[in-house]
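Biologist: I should like to learn how to read the features of a model such as this one. Please take me through them in turn.

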Amino acid sequence: FADESSHIIFSGGDDGLCAAWDRRTLSEADPRPVGVLVGHAQGITFIDPKGDGRHLISNSKDQSIKLWDIRKFCSSKDDIRRAREKVVNDRWDYRWQPVPRRFRGKTGPVIDGDTSLMTYRGHKVAQTLVRARFSPLASTGQRYIYSGCSEGRIMIYDLLTGEIVSSFRGHRCAVRDVSWHPFHSILCTASWDGSVGWWEYRGDDDSDDEDKKRS
């Protein structure tokens, strides 16, 4: 849901598209979104609404997180069609194949019709559907976006600049999910190494210290 009282629902698909749906106009016989967001070059692994009824983030197998404003949908049906075809025709399998070179680096593929506000890169999405979320409102003012990583790290991005402000390493395998305590500077991680980690965040540049992790 876009917020606690909204009729708007967000979704993300393996075709790389995010969509917004209005329950008041939704028909089971002919379901159509009220708008589509184009910009990812691979399937979506997770979406997280900010809770303000307007913004959401999406994590993708194209190795990026994108920030969206649903007031800026893609207006071109041709761009939507081409973006979907590009993803559907891509034969890369994230579950076991190495990440292709076209998805690495600071920029990544350019998709016509991309209306995202910001793109965040630096984490790795492979093997499993890695999640990304907004940091808590009460303790951080949603200043950050944080994500797991298939290389066993936790990545924390500045929402406005897109820069990585912290990176924690300690797990031996992919970190599929991370959860930030709503009121305290504590993050919990779930990893493929069979452990659950507990981390203390002490501010920007607080990085790569395994002593902060308790299993």
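**Reading the model**

Modeller: Let us start from one residue: setting aside residues up to four places away in sequence, Ile 80 touches Leu 17, Val 36, Val 38 and Cys 74, where contact means heavy atoms within 4.5 Å. The model is predicted, so local features need pLDDT of at least 70 and side-chain atom pairs pLDDT 80 or more, while totals for chains, interfaces and linings use all residues. Residues are numbered from 1 along each chain as its sequence is written, and side-chain values use heavy atoms, without hydrogens or water.

Biologist: Which residues of the largest nonpolar core touch the most other members?

Modeller: In soluble globular proteins, nonpolar side chains tend to be buried together. Here the largest core has 13 residues, and Leu 17, Val 38 and Ile 80 touch the most other members. Apart from that core lies another of 12 residues, including Ile 154, Val 165, Val 178 and Trp 199. A core is a set of buried Ala, Val, Leu, Ile, Met, Phe, Trp, Tyr and Cys residues joined through side-chain atoms within 4.5 Å; buried means under 20% relative accessible area, exposed over 50%, and partly exposed in between, with a 1.4 Å probe and protein chains only.

Biologist: What lines the largest pocket?

Modeller: The largest pocket is lined by 19 residues, of which Leu 17, Pro 33, Val 36, Ile 80 and Arg 84 lie nearest its centre. Strands E1 (8-12), E2 (18-22) and E3 (35-37) and helix H1 (77-88) each supply at least two lining residues, and H1 gives the largest share, 4 residues. Helices (H or I, at least four residues) and strands (E, at least two) are DSSP runs, numbered from the N terminus. A pocket is an open set of points on a 1 Å grid over the protein atoms alone where a 1.4 Å probe fits, with protein on both sides within 12 Å along at least five of seven lines; lining residues have an atom within 4 Å of a point.

Biologist: How are the strands of the open sheet ordered?

Modeller: Strands of a sheet pair through backbone hydrogen bonds, either parallel or antiparallel. The open sheet has 3 strands in the order E12-E13-E14, with antiparallel pairing. Its edge strands, E12 (175-180) and E14 (196-200), each pair on one side only. E12 and E13 (residues 186-191) pair over 5 bridges, and Val 175 stands opposite Ser 191 in E13. Two strands pair if DSSP finds at least two bridges between them.

Elsewhere, E4 (residues 44-49) and E5 (residues 55-60) also form an antiparallel pair over 5 bridges, with Asp 48 opposite Ile 57 in E5. Their hairpin has 5 residues between the strands, and Gly 51 there takes a positive phi near 95 degrees.

Biologist: Which residue has a positive phi of about 75 degrees although it is not a glycine?

Modeller: Most residues other than glycine have a negative phi. Gln 63 has the positive phi of about 75 degrees and is found in the loop between E5 and E6 (64-69). Gln 142 has a positive phi of about 55 degrees and sits in the loop between H2 (137-140) and E9 (144-147).

Biologist: Is Gln 63 buried or exposed?

Modeller: Gln 63 counts as buried because its relative accessible area is 6%. Gln 142, at 13%, is likewise buried.

Biologist: Where is Met 118 placed?

Modeller: Met 118 belongs to strand E7 (residues 118-121). Its relative accessible area is 21%, so Met 118 is partly exposed. Leaving aside neighbours within four places in sequence, its contacts are Ile 65, Lys 66, Leu 67, Leu 159, Leu 160, Thr 161 and Gly 162. Met 118 and Gly 162 are 44 residues apart in sequence, yet 7.0 Å apart in space, C-alpha to C-alpha.
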